[in-house]
2 protein chains.
Amino acid sequence: MTPTITGFTWVPQFARGFVRDIRARWAFEEAGQAYAVTLIDGDYVKSQTHRRFQPFGQIPTYRDDQVEIFESGAIVMYICERANVLTPADPAARARAVQWLIAALNSVEPFVMALAINDIFEADRDWSKKRHDKVVEDLNGRLKDLSDALGGRATLDGGDFTFGDLMMVSVLGGLRGTGVLDSFPDLAAYVARGEQRPAHVKAMADHLASFTDAVAA
Amino acid sequence: MTPTITGFTWVPQFARGFVRDIRARWAFEEAGQAYAVTLIDGDYVKSQTHRRFQPFGQIPTYRDDQVEIFESGAIVMYICERANVLTPADPAARARAVQWLIAALNSVEPFVMALAINDIFEADRDWSKKRHDKVVEDLNGRLKDLSDALGGRATLDGGDFTFGDLMMVSVLGGLRGTGVLDSFPDLAAYVARGEQRPAHVKAMADHLASFTDAVAA
């Protein structure tokens, strides 16, 4: 079977470009690997049927003849390693690519998500406005550290773009529209370079085109 | 050289048993791999010297003759795969072990950390008490999903204990003392089984003994 992932039939306008099927799509495009997408809706994603494959009621999931997994990080690593793209041959460099992929997911994304949760999903809570500055302060701390680590280089490891960069660019892309990266022009440029890769451009176009009312919206 | 990780010379009593060098120690013990620990202090961990190896000013870092990495998730995977322990031979099962390791770090730990941040590190903020119930509600949602996924089995994948289980047990162990797992006896039992593994018992004892005033405390 063609490797198949899940995506959403529809999400609100503000979420388009941010849903995590984009990460799997990007990895497939980097690999030059044909893939299929099963679009599911907001009710189905929370159903017990879907939770058998994704316990947290989310997308994407990934499936081929051998493997069935969830977690965008695991999916991206699996697609890239299987196709031997964005995957360093040297074992030490491969370990560092894994390190950066996990750093994106565990040391950076929780801070990016905290801002979205506070300012969007908890905007109506009575702590949201008071807490905003602290959330931004913590996020800026991480971004400063990351900027220092990048140290003016083109990629996190200083060499070829890896699946670790793919994940970090995607996580930082979650800040699109917030203005937060305006204070970190080097990180903004790093994200822009990643997003300008032809594989990302194609993946994002397909992601945005997948929503059933994309033309009308 | 002997593989070497970093740990802290000292942390407050409430943090003992929770610092992430425990994860690397546990993996080393599962592998039967001798290792060394360089203990560093709270000033050094934030220094530019240390940040060259760990950009976010944290521990653990890992170093051997070939590899130098940070991120506990990457370190655990590297130690286990190198020693071929807790690592499924079947590629599909290995992909699922990666999936669970990343699920622990990206889909569960941010909710565990949110509780610790709100109730400990932000306890003096004027939103902390108001926000507590929402933080617990979100965490409980994830734990309910995870409990359903475990489905009464001994391990997340239903087979041998993998590095994915090691990480999930360690992440859930972060709830020790909060009472949150009292509502999820199956998850509490899963954590207890993991923590009773001889490798974890040894790793935790060494972790606790490492603090310079551990005897006096």
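Author: Copies of a chain are superposed by least squares on the C-alpha atoms of residues with pLDDT of at least 70 in both. The structure considered here is a predicted model.

Reader: By what turn and what shift can chain A be laid on chain B?

Author: In general, two copies of a chain are related by a rotation about an axis and a shift along it. Here a turn of 180° with a shift of 0.0 Å along the axis lays chain A on chain B, at an RMSD of 0.0 Å. The relation is therefore that of a two-fold axis. Both copies use the same surface, since 100% of the contact residues of chain A recur in chain B.

Reader: How many residues of chain A are in contact with chain B, and which elements supply them?

Author: Two residues are in contact if their C-beta atoms lie within 7 Å. On that criterion, 38 residues of chain A are in contact with 38 residues of chain B. At least two residues of this side of chain A come from each of β4 (68-70), α4 (72-83), α5 (91-121) and α6 (128-150) of chain A. The largest share, 14 residues, is that of α5(A). By class, this side of chain A has 20 nonpolar, twelve charged and six polar residues.

Reader: Is helix α7 of chain B mostly covered or mostly exposed?

Author: A residue is buried if 20 or more other C-beta atoms lie within 10 Å of its own. Helix α7 of chain B, residues 163-173, is mostly covered, with eleven of its eleven residues buried. Among them are B:F163, B:L166, B:M167 and B:D165.

Reader: What covers the buried residues of α7(B)?

Author: The covering elements include α1 (21-31), α4 (72-83), α5 (91-121) and α8 (185-195) of chain B.

Methods
Residues numbered from 1 in each chain as written. Chains lettered and ligands numbered in written order. Predicted model: local features only at pLDDT ≥ 70, side-chain atom pairs only at ≥ 80, totals over all residues. Helix = DSSP H or I, 4+ residues; strand = E, 2+ residues; numbered from the N terminus. Nonpolar A, V, L, I, M, F, W, Y, C, P; charged D, E, K, R; others polar. Buried ≥ 20, exposed ≤ 12 C-beta atoms within 10 Å, placed from the backbone.
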